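User: I have a structure to look at, and I would like to know what stands behind the words used to describe it. Could we go through them one by one?

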Amino acid sequence: MTAYIVCEGERDAQLLKRLLPEEFISNVEIVAAGGLSAVKSLARSLIVRRQSPVAIVADADATIPEQVEQRLKDTEEIVGNIAVNTPVKVILAVPTLEIIFFQDVSLLSRLLGYVPSQDVLSLAVYQPWQALKLLISQSKNFQTQAQLVDQLTNEDLEVLRKATVVQEIIQFLQSVRETADAL
C-alpha cells in the first residue's frame, strides 16, 4: 500500500525526499500540492479515492502557539472528518519547513561557507524561508535551496532529521508500515 506525504511546494517536496530515510520512503509518494488549500483538497481526494495513509506536511506560517494550534485543528477537521479508518496525520512546521536549517547553526555555517549574522538568525525565528534565501544569496557554495539540499551529506541529513517536524513524519510512516506488516 502506498502512503502519501502531501506538502505545499516543490521546495518542500525536494527537501522531504532528501531528508526522509530510504527505509521509510520505499512505498511513499511525496506530492507538492501548491498552497495550504490545495494540500487539504488533495489530501481529502487521496483519502476518499485511494483510502491510503496520508501525512499532511504544511507550514504553520505562525509562531504564536494559539495560531499554530488553530491551523492544526482546522486542517485536522477538514481531512479528519472523512478519514474513517484511514491513517491521517497533520504535521505543521513552525513557522515553516526551512526552520530545520537553523536548528544547528554550526551545520548551517559549514554548508554556507560562513557564519550567519545574529540579525539573520533572529529573522529566521519568524521567517526562516526569507532568512535562508538571504543566506543563500551571500553564499559562494550554491545559489538556490535546491543546490543546498543536493549537497547535503549523510551526516548533514542525520543532524537535520532530529528536527521535530521530521521526527513526526518518520513516526507516522513507521506506524503505517507496522500496521501494514501486521495485516
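Analyst: Start with contacts along the chain. This is a predicted model. Of the contacts between residues at least 6 apart in sequence, 74% join residues at least 24 apart.

User: What makes two residues count as being in contact?

Analyst: Contact means heavy atoms within 4.5 Å. By that rule, and leaving aside neighbours within four places in sequence, Ala55 is in contact with Tyr4, Ile5, Val6, Lys89 and Phe172. Take Lys89: Ala55 and Lys89 are 34 residues apart in sequence, yet their C-alpha atoms are 4.7 Å apart in space.

User: Why is Ala55 called buried?

Analyst: The cut-off for buried is under 20% relative accessible area. Ala55 has a relative accessible area of 0%, so Ala55 is buried. Its place is in strand E3, residues 54–59. Across the protein, buried residues make up 46% of the 183 residues.

User: How do you know that the radius of gyration agrees with a compact globule?

Analyst: For 183 residues, a compact globule would have a radius of gyration near 16 Å. The protein has 17 Å, which agrees with that value. As for the outer dimensions, the C-alpha atoms fill a box of roughly 50 × 35 × 20 Å along the principal axes.

User: What is the secondary structure, and in which pattern does it run along the sequence?

Analyst: There are nine helices and four strands. Along the sequence they follow the pattern β-α-β-α-β-α-β-α-α-α-α-α-α.

User: Why are the buried residues of H5 said to line one face of the helix?

Analyst: Helix H5 covers residues 118–126, and its buried residues are Val120, Leu121 and Ala124. Seen down the axis of H5, these fall within an arc of 100°, so they line one face. The general background is that an α-helix has 3.6 residues a turn, so residues three or four places apart point the same way.

User: What is on the other side of H5, and what covers its buried residues?

Analyst: On the other side, Gln118, Asp119 and Tyr126 are exposed, a word that requires over 50% relative accessible area. The cover over the buried residues of H5 includes helix H4 (105–112) and helix H6 (128–137).

User: What supplies the exposed surface, and how many charged side chains are there?

Analyst: The protein exposes about 9,500 Å², and carbon and sulfur atoms supply 48% of it. There are 16 positive and 23 negative side chains. The centres of these two sets lie 4 Å apart.

Methods: Residues are numbered from 1 along each chain as its sequence is written. This is a predicted model: local features need pLDDT of at least 70, side-chain atom pairs count only at pLDDT 80 or more; totals for chains, interfaces and linings use all residues. Side-chain values use heavy atoms; hydrogens and water are left out. Helices (H or I, at least four residues) and strands (E, at least two) are DSSP runs, numbered from the N terminus. The radius of gyration is taken over C-alpha atoms; the globule rule is 2.2 Å times the number of residues to the power 0.38. Buried means under 20% relative accessible area, exposed over 50%, partly exposed in between (1.4 Å probe, protein chains only). Accessible areas come from the Shrake-Rupley method with a 1.4 Å probe; for residues, only the protein chains shown count as cover. Lys and Arg count as positive and Asp and Glu as negative; His and the chain ends are not counted. The place of a charge is taken as NZ of Lys, CZ of Arg, CG of Asp or CD of Glu. The arc is that of the directions from the helix axis to the C-beta atoms.
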